[in-house]
Amino acid sequence: MTQIRKIGICTGGGDCPGLNAVIRAAVKTAILKYRWDVIGIRDGFDGLIWPEKTRPLTINDVSGLLPRGGTILGTTNRGNPFAYKLQNDGQEIVRDFSDDVIRNAKAMGLDCLIVIGGDGTQKLGLDLYKKGLPVVGVPKTIDNDLCATEVTFGFDTALHTATDAIDKIHTTAESHHRVMVVEVMGRDAGWIALEAGIAGGAHVILIPEIPFQIDNICRFINQRHIFGKKFTIVCVAEGVHVPEDVERQYREKHGDLPRSGAVSNLIADAIGECAKKEVRVTVLGHIQRGGSPSPFDRILSTRFGVAVVDLIAQGGFGKMVALRDSRMKFVEISEAIGKMKAVDPNGELVQAAKSIDIHFGDD
Ligand code: F6P
């Protein structure tokens, strides 16, 4: 087995609460338990393309990091070393820097690279591993849609933020007898919308996994009205598939689609038309990615950070840490990528929500 002396660590893709807690735990474990050196690679893999961006990480550097959101290493979701987009005389060019990455990692004396990131970043890590760089992974996404692990850090914090927002929307919705559409993150999966919707007491939840019709939602809103509930909260995942007629109607009325918060604006407009209600939109956006990690995320991040260094010590290159049956497990990175953990429309959580009269716009 390779004798480990020095490891690198990088964070790639969208940031997320808990990244710094992983870095802190990994650096402490590497230095205190194994006496290795740690190099912080800046901005995803960029620090391996431009080595002047890297720096050693000491115990002092990670002091006070546990409650801090973001990542001290910086991140990017545009830094694919195999097809890097650059500007050259105002023109975009694409360059393959993967050989530079391998060469620079060797020159720095890195015996292994810890890659903290979601599906896209883990795939790049695996491709670098196949090219000869020893790599191990830590899964990350607030969307919680990575299939190899029960849960990813950042999701719980995002859930708290979204639930708190829905709680606040409640009082103003009720006072004004309005329909309030709250858009949360979830590009491909509806986990944040489903769980924050349930936790925040939303009346309608719209997720990519369950096709919906505006007429169904309006019928439900009108029924609520008849029963004396003159307000409705609709929690929408940003990745929902808006029915074609809704998009067409919006274009006809407004000329174009809105630049941001497109989905919730379309839905709000259509509900306003058919339910004849006053509708307002709140797009939570990147607020869900910021701030201090929740206690759950701090603990999960710490466990991941410790476990990934133990994984290196065991020579488990090409593998990733994961939470399974509430325990730390090592799984192949290839198992985690390319597949998505979607909400099961017939699963217990959706059925529980339906049992308490939360509507999904599907009937
Ligand atoms: O995948 C995590 C995520 O937060 C998605 O929910 C969201 O669509 C996306 O990242 C936003 O990315 P960006 O920071 O590039 O706008």
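Select G186 and the ligand together: a backbone N or O atom of G186 lies 3.4 Å from an oxygen atom of the ligand. Please bear in mind throughout that this is a predicted model.

Keep the ligand displayed and add the side chain of N77. One of its polar atoms is placed 3.0 Å from a ligand oxygen atom. Next, show the side chain of E238, where an N or O atom is 2.6 Å from an oxygen atom of the ligand. With a surface drawn over the protein, one may consider how far the ligand is enclosed: on its own the ligand has 400 Å² of accessible area, and the protein covers 75% of this.

The selection may now be extended to the whole shell. Besides N77, G186 and E238, the residues around the ligand include I142, D143, M185, R187, H286 and R289. Colour this shell by residue class, and two nonpolar, three polar and four charged residues appear.

Then colour the chain by domain. Domain 1 comprises 6–153 + 293–324, while domain 2 comprises 156–289 + 345–355. Each of these two domains contributes at least three residues to the shell around the ligand. If pockets are displayed, the ligand is found in the largest pocket.

For the final stop, leave the ligand and select C218 and C274. These two cysteines form a disulfide, with their sulfur atoms 2.0 Å apart. A search of the whole structure finds one disulfide. Look along the S-S bond of C218 and C274: the torsion about this bond is about 125°, and the disulfide is therefore right-handed.

Definitions and conventions:
Residues are numbered from 1 along each chain as its sequence is written. This is a predicted model: local features need pLDDT of at least 70, side-chain atom pairs count only at pLDDT 80 or more; totals for chains, interfaces and linings use all residues. Side-chain values use heavy atoms; hydrogens and water are left out. A residue is near a molecule or strand if one of its heavy atoms lies within 4 Å of it. A polar contact is a pair of N or O atoms within 3.5 Å; within protein, one must be able to donate a hydrogen and the other to accept it, and residues adjacent in sequence count only if both atoms are side-chain atoms. Accessible areas come from the Shrake-Rupley method with a 1.4 Å probe; for residues, only the protein chains shown count as cover. On a 1 Å grid over the protein atoms alone, a cavity is a set of points where a 1.4 Å probe fits but cannot get out, and a pocket is an open set with protein on both sides within 12 Å along at least five of seven lines; lining residues have an atom within 4 Å of a point. A molecule sits in a cavity or pocket if more than half of its atoms lie within 2 Å of its grid points. Ala, Val, Leu, Ile, Met, Phe, Trp, Tyr, Cys and Pro count as nonpolar, Asp, Glu, Lys and Arg as charged, and the others, Gly among them, as polar. Domain bounds come from an automatic or database domain assignment. A disulfide is a pair of cysteine sulfur atoms within 2.5 Å.
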